[in-house]
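Please look over the sequence and the model below before reading on. The briefing that follows takes up a few places in the chain, one topic at a time.

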Amino acid sequence: MKALKYFTILILPLVVYISFTNKGWLTYLPALVFFGLVPLLEFFIKPNTYNFSKEEEKVEKENKLYTYLLYATLPMQIAFLIFFFYAIQEPNLNNSEIFGRIFGMGIMCGVIGINVGHELGHRNQRFGEFIGEILLLTSLNTHFLPYHNGGHHYNVATPKDAATARKNEVLFIFWIRSHFTSYFQAWQLENKRMKSLNRYWFHHQNRMVIYTLCNILLLALIYFIFGQFVLLAFIAAAIIGILLLETVNYIEHYGLLRKKNNHGRYERVKRNHSWNSNHQVGQVLLFNLSRHSDHHYNGSKHYQLLKSLPESPQMPTGYPGMMLLSFMPPIWFWVMNKKLNNLS
């Protein structure tokens, strides 16, 4: 029964369906729900600090329903992507309605394509990882896995990490630095791996080569089947999904740095090197992503088992509210720099 709360993710395809089948302000319903209603609710719903007991953890770890729910998001994402290709071509849509539908698909790319792809990319079995790769492909963000697992989790909370926002770094500058640096570092990581295997970089086991070819193939298929307008609309939706990811990266590690020891090495990653949020609505809609401190402490731990612990620095609200706050740099710095000062 504890797994059922994560089925609230079905709210997302519901509101996106309404966006795709209506005109006017209803095309913006996904944005209004996720960046209007959800942040508002989190002001009134008490944060959830409950952790499973050891006995509950053993039971819930073996509960396959949590994993099956993640798997079920793949056909849902693909179905809505195809639906989007037709919905965006509906006659007599004005520019505002077109953007509303693109933004709705962009939210699905970020929340399901990238977020669920991220969770499955940490699984130590090939089938789950493959589903994660397909989900990331639907958002044109396949380079995420090599960089995230091989770079971000090793270098988090250090200047080496592209996805760690520096103190006083503006969100819009971070978007560019994080996305393009992580892309190039993903290539570097895979090329280095190929070299260690005594293989040329252009090899079928180089994931970045395969991912790049798959991205090109997907874009070519969309162009030849649906045309240029649909292709551009899909790219716009994917960019929105990527920007949502980068905004989440920004709020998750803003200003946090690991200390160096006497030998010049960074201390190991601890639960105080990521911002945590226990606000319940965003927590269940994002598959416990907001318990990010424990995720970085143990990257292979499944989402339902993540804990909230006192040493984790706490965000003042949930992810959707924090994302909105990050779009207003002066207010963001005023709120978060004070919290950073209180941590030191």
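**Briefing on selected residues and helices**

Leaving out residues up to four places away in sequence, Gln77 touches Met105, Met108, Cys109, Ile112, Gly113, Leu135, Thr138 and Ser139. This is a predicted model, and local features are taken up where pLDDT is at least 70. Gln77 belongs to helix α4, which covers residues 65–87, and Gln77 counts as buried because its relative accessibility is 0%.

**Nonpolar cores**

- The largest nonpolar core has 79 residues, and those that touch the most other members are Leu12, Phe84, Tyr250, Tyr254 and Trp332.
- When neighbours within four places in sequence are set aside, Phe84 is in contact with Phe20, Arg101, Ile102, Met105, Ala233, Phe234 and Ala237.
- Apart from the largest core lies another one of 14 residues, and its members include Trp187, Met208, Tyr211 and Leu245.

**Surface patch and a loop residue**

- Leu37, Leu40, Leu41, Phe43, Phe44 and Ile45 make a nonpolar patch of about 640 Å² on the surface.
- One of these patch residues, Leu41, is placed in helix α2, residues 29–44, and with a relative accessible area of 34% Leu41 is partly exposed, because partly exposed residues lie between the limits of 20% and 50%.
- Pro47 is found in the loop between α2 and α3, where α3 spans residues 54–61, and Pro47 is partly exposed with a relative accessible area of 36%.
- Although 230 residues separate Pro47 and Ser277 in sequence, their C-alpha atoms are 8.1 Å apart in space.
- With neighbours within four places in sequence left aside, Pro47 is in contact with Asn278, His279 and Gln280.

**Two helices and what covers them**

- In helix α7, which runs over residues 144–155, the buried residues are Phe144, Leu145, Pro146, Tyr147, His148, Gly151, His152 and His153.
- The buried residues of α7 are covered by elements including α5 (95–121), α6 (126–137), α8 (171–196), α9 (207–226), α10 (228–253) and α12 (292–297).
- Helix α13, residues 319–326, is largely enclosed by the rest of the structure, because 7 of its 8 residues are buried.
- The buried residues of α13 are Tyr319, Pro320, Gly321, Met322, Met323, Leu325 and Ser326, and what covers them includes α2, α8, α10, α11 (280–285), α12 and α14 (329–343).

**Backbone angles at two residues**

- Most residues other than glycine have a negative phi.
- Asn92 is not a glycine and yet has a positive phi of about 65°; Asn92 lies in the loop between α4 and α5, and Asn92 counts as exposed at 72% relative accessibility.
- Ala157, which is not a glycine either, has a positive phi of about 60°, and this residue follows α7.
- Is Ala157 buried or exposed? Ala157 is found in the loop between α7 and α8, and Ala157 is buried, because its relative accessible area is 0%.

**A span listed in a record**

- In an unreviewed entry, UniProt lists residues 103–319 as "domain: Fatty acid desaturase".
- In the model, the end C-alpha atoms of residues 103–319 lie 18 Å apart, and the span is 59% helix and 0% strand.

Technical notes:
Residues are numbered from 1 along each chain as its sequence is written. This is a predicted model: local features need pLDDT of at least 70, side-chain atom pairs count only at pLDDT 80 or more; totals for chains, interfaces and linings use all residues. Side-chain values use heavy atoms; hydrogens and water are left out. Helices (H or I, at least four residues) and strands (E, at least two) are DSSP runs, numbered from the N terminus. Buried means under 20% relative accessible area, exposed over 50%, partly exposed in between (1.4 Å probe, protein chains only). Contact means heavy atoms within 4.5 Å. Patches are made of residues with over 30% relative accessible area and no salt bridge: like charges are joined within 9 Å, nonpolar side chains (Val, Leu, Ile, Met, Phe, Trp, Tyr) within 5 Å. Accessible areas come from the Shrake-Rupley method with a 1.4 Å probe; for residues, only the protein chains shown count as cover. A salt bridge is a side-chain nitrogen of Lys or Arg within 4 Å of a carboxyl oxygen of Asp or Glu. A nonpolar core is a set of buried Ala, Val, Leu, Ile, Met, Phe, Trp, Tyr and Cys residues joined through side-chain atoms within 4.5 Å. UniProt positions are given in the numbering used here, feature names are shortened, and annotations may be inferred rather than shown by experiment.
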